[in-house]
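Please write a short report on this protein for a first-year student. Cover one side chain, one cavity and one pocket.

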Amino acid sequence: MITIEAYGLDQTINKLGKMSASVKTEVNGALNAFGLNVEQDAKQLVQANSSDTGQLAGSISYRTENMKTHVIAAVYYAAYVEFGTRKFATEQVAKLPPDWAAYAATFKGKNSKSGSFHDFVIRMIKWAQGTGKIDPKYAYLAALKIIKNGVKARPFMYPSVNKNLPIFIEDLKDIFR
């Protein structure tokens, strides 16, 4: 699961706590628009750039409350699509700013649904049947290749946040002008 939260806004939020209710409503509106835009863009990127069968895209959501927006990809493998695995993760994470790289590192070596290699092959067979990307009879070989080499990163959350952050900042500037 990937959860994106805005950090470093504590002082600003404290100042906003002293602002009028109407300003708080406007800020929540800007946060809500930001969350919605990140969600929509992330879903589009998943659908365009990965072989997801719909679970990952369907798990992406956002919520805005108390002047905070959370954008979440709720499937266990979301981070592995975002950051890649093995050598591909190393390459991808090296390109990220320190806060994103630190976040990516929290997923290293973790897979809450890893199970046995046999379980992985079964999941690969189901994926192959659902997507048509490979013949299911090659699922075992594909699983071996993934275990050995990893999978390429197909970022969806990071580009979506970066695309929408300047818009959000402009929305905030408009509120405080």
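A polar contact is a pair of N or O atoms within 3.5 Å; within protein, one must be able to donate a hydrogen and the other to accept it, and residues adjacent in sequence count only if both atoms are side-chain atoms. The model is predicted, so local features need pLDDT of at least 70, side-chain atom pairs count only at pLDDT 80 or more, and totals for chains, interfaces and linings use all residues. Residues are numbered from 1 along each chain as its sequence is written, and side-chain values use heavy atoms, with hydrogens and water left out.

**Overall build**

The protein has 9 helices and 3 strands. These are DSSP runs, numbered from the N terminus (helices: H or I, at least four residues; strands: E, at least two). From the N terminus, the order is β-α-α-α-β-β-α-α-α-α-α-α. Of the 177 residues, 33% are buried (under 20% relative accessible area, with a 1.4 Å probe and protein chains only).

**Glu82**

Glu82 sits in helix H4, residues 78–83. What does its side chain reach? One partner is the backbone nitrogen of Phe156, at 2.9 Å. Another is the backbone nitrogen of Met157, at 2.7 Å.

Glu82 is buried, yet has no salt bridge (a side-chain nitrogen of Lys or Arg within 4 Å of a carboxyl oxygen of Asp or Glu). The nearest side chain of opposite charge is Arg154, 11 Å away.

**Cavity and pocket**

Both are found on a 1 Å grid over the protein atoms alone. In a cavity, a 1.4 Å probe fits but cannot get out; a pocket is an open set of points with protein on both sides within 12 Å along at least five of seven lines. Lining residues have an atom within 4 Å of a point. A volume is the space filled by probe spheres set on the points.

The whole structure holds 1 cavity of 30 Å³ or more. Its lining includes Ala30, Phe34, Asn164 and Asp171. Helix H2 (21–49) and helix H9 (157–175) each supply at least two lining residues.

The largest pocket is lined by 47 residues. Tyr80, Thr85, Phe120, Ile146 and Val151 lie nearest its centre. Helix H7 (117–131) is among the helices that each supply at least two lining residues. H7 gives the most, with 6 residues.

| Space | Volume | Nonpolar | Polar | Charged |
|---|---|---|---|---|
| Largest cavity | about 40 Å³ | 5 residues | 2 residues | 1 residue |
| Largest pocket | about 1800 Å³ | 22 residues | 14 residues | 11 residues |

In this table, Asp, Glu, Lys and Arg count as charged; Ala, Val, Leu, Ile, Met, Phe, Trp, Tyr, Cys and Pro as nonpolar; and the others, Gly among them, as polar.

Terms used. Buried < 20%, exposed > 50% of the residue type's maximum accessible area, 1.4 Å probe, protein only. Lys, Arg positive; Asp, Glu negative; His and termini not counted.
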